[in-house]
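Work through these exercises with the model open in your viewer. Try each task before you read its solution.

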Amino acid sequence: MIGSIYLPPNTAGSKIPCVIYCHGSSGNQTEALKYIPDILPKGIALATFDFCGCGNSEGEYISLGHFESEDIDTVAQELLSKFPITCIGLWGRSMGAVSVLLCAARKPAYLRAICLDSPFSDLMKLCNDYFENYKVIQTLMGDFFLSNVRKKIVELAGFDLEHVSPIKVVEKIDVPAIFIHGNEDSLIPILHTEKLLEKYAGHWIFYEVDGGHNDSRPLWVGENISEFFENIIRVKAVSYTHLRAHETPEHLVCRLLLEKKK
């Protein structure tokens with residue numbers, strides 16, 4: 001796999017945390033470049049890479065999260081072995097967000113926080129909903145067509161659509177998370193994120209933003225995400241005088257960001 005890492009200034013040789021950005025199905029590692037001004041000034045490194053089958057990385061197929069979740073772990077382990085990284089946060093969009101969820105469900109020791117922009121909850125549901133929107137295809141081919149698509153994907157790419165299902169594993173994930181979804185997303189409707197939030201085990205923040213699946217996010221989104229990672233993985237001192245009864249520091253960070261003016 002081909003990737004890049006961007007280090008904060010004046011941190012050569014210092015132990016620092018790192019955020020790994022994971023792109024969408026039609027993207028590549030350059031998606032992350034616009035977030036360098038948000039992340040690096042926080043004293044956090046930003047790593048990004050092309051999933052196998054994307055960009056400049058080798059590979060013939062993508063799996064919409066199944067094998068990509070393993071790619072994330074491979075990149076994380078490589079970074080930990082070559083750089084003085086203390087811990088890692090994961091940030092993914094679309095396919096990248098699904099990959100992050102599937103990776104996080106395996107509870108890697110290095111993981112401290114995640115950011116998920118426009119994930120789907122279940123790939124089979126997404127496919128079924130797509131065919132539901134095209135009544136002619138559904139009437140003529142129905143389940144027979146989708147069943148044959150599944151078999152062909154197993155044959156060619158080595159994975160089953162039914163296995164790409166974050167909703168089945170999200171209850172295992174307890175690290176703090178930010179969820180983002182566009183309210184005009186017709187490719188992956190916002191309902192998918194809402195279903196994931198119902199079962200998510202950790203503290204979470206949800207930002208519903210204007211726009212569709214591939215639209216640019218408002219500037220405040222990148223700013224809030226970088227602040228979130230700063231407070232969780234860089235362990236910046238927040239004022240714990242604001243802690244409420246039975247509230248954890250992670251919950252405090254999520255609450256303060258939700259209360260913050262966009």
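The exercises below go from the whole chain to single residues.

**Exercise 1. The whole chain**

Task: Find how many helices and strands the protein has, and what share of its residues is buried.

Solution:
- Step 1. Keep in mind that this is a predicted model.
- Step 2. Count the secondary structure. There are nine helices and seven strands.
- Step 3. Check burial. Of the 262 residues, 50% are buried.
- Step 4. Look at the surface. About 12900 Å² is exposed, and carbon and sulfur atoms supply 53% of that area.
- Step 5. Turn to contacts between residues at least 6 apart in sequence. Of these, 74% join residues at least 24 apart.

**Exercise 2. Two packed helices**

Task: Decide how helix 2 and helix 3 are oriented to each other, and list the residues that meet.

Solution:
- Step 1. Locate the pair. Helix 2 covers residues 68-82 and helix 3 covers residues 95-104.
- Step 2. Recall the general description. Two packed helices are described by the angle between their axes and the distance between the axes.
- Step 3. Apply it. The angle is about 70°, and the axes are 8 Å apart.
- Step 4. Classify. Angles of 65 to 115 degrees count as roughly perpendicular, so helix 2 and helix 3 are roughly perpendicular to each other.
- Step 5. List the contact residues. Helix 2 brings Glu-68, Ser-69, Ile-72 and Asp-73. Helix 3 brings Met-95, Ser-99, Val-100, Leu-102 and Cys-103.
- Step 6. Sort them by type. The contact has five nonpolar, two polar and two charged residues.

**Exercise 3. How covered is helix 3?**

Task: Find how many residues of helix 3 are buried, and what covers them.

Solution:
- Step 1. Count. Ten of the ten residues in helix 3 are buried.
- Step 2. Name some. Among them are Gly-96, Ala-97, Val-98, Leu-101 and Ala-104.
- Step 3. Look for the cover. It includes helix 2, helix 7 (191-199), strand 2 (16-22), strand 4 (85-93) and strand 5.

**Exercise 4. Salt bridges**

Task: The structure holds six salt bridges. Take three of them, and state where the partners lie and whether they are buried or partly exposed.

Solution, Lys-42 and Glu-230:
- Step 1. The side chains meet in a salt bridge at 3.4 Å, N to O.
- Step 2. Lys-42 sits in the loop between helix 1 (36-39) and strand 3 (45-49), and Glu-230 sits in helix 8 (residues 219-232), so the pair ties together parts 188 residues apart in sequence.
- Step 3. Lys-42 is partly exposed at 22% relative accessibility. Glu-230 is buried, with a relative accessible area of 8%.

Solution, Asp-117 and Arg-217:
- Step 1. This salt bridge is 2.8 Å, N to O.
- Step 2. Asp-117 belongs to strand 5 (residues 111-117), and Arg-217 to the loop between strand 7 (204-209) and helix 8. The two residues are 100 residues apart.
- Step 3. Asp-117 and Arg-217 are both buried.

Solution, Lys-125 and Asp-129:
- Step 1. The salt bridge is 3.1 Å, N to O.
- Step 2. Both residues lie in helix 4 (residues 123-132), four residues apart, about one turn of the helix.
- Step 3. Recall the helix rule. An α-helix has 3.6 residues a turn, so residues three or four places apart point the same way.
- Step 4. Lys-125 is partly exposed at 32% relative accessibility. Asp-129 is partly exposed too, at 29%.
- Step 5. Now look for shared partners. Salt bridges join Arg-93, Asp-117 and Arg-217 into one network.

**Exercise 5. Positive phi**

Task: Place Leu-64 and Lys-107 in the chain, and give the phi of each.

Solution:
- Step 1. Recall the background. Most residues other than glycine have a negative phi.
- Step 2. Leu-64 has a positive phi of about 60°. Leu-64 lies in the loop between strand 3 and helix 2, and is partly exposed at 26% relative accessibility.
- Step 3. Lys-107 has a positive phi near 55°. Lys-107 lies in the loop between helix 3 and strand 5, and is partly exposed at 46% relative accessibility.

**Exercise 6. A proline in a helix**

Task: Is Pro-37 buried or exposed, and how far is its C-alpha atom from that of Glu-223?

Solution:
- Step 1. Pro-37 is in helix 1.
- Step 2. Its relative accessible area is 56%. Exposed means over 50%, so Pro-37 is exposed.
- Step 3. Pro-37 and Glu-223 are 186 residues apart along the chain, and their C-alpha atoms are separated by 9.2 Å.

Conventions
Residues numbered from 1 in each chain as written. Predicted model: local features only at pLDDT ≥ 70, side-chain atom pairs only at ≥ 80, totals over all residues. Heavy atoms only, no water. Axes fitted to C-alpha atoms, helices over the stretch in contact; angles between N-to-C directions. Parallel < 35°, antiparallel > 145°, perpendicular 65-115°, else oblique. Contact = heavy atoms within 4.5 Å. Nonpolar A, V, L, I, M, F, W, Y, C, P; charged D, E, K, R; others polar. Buried < 20%, exposed > 50% of the residue type's maximum accessible area, 1.4 Å probe, protein only. Areas by Shrake-Rupley, 256 points an atom, 1.4 Å probe, with all protein chains shown as cover. Salt bridge = Lys/Arg side-chain N within 4 Å of Asp/Glu carboxyl O.
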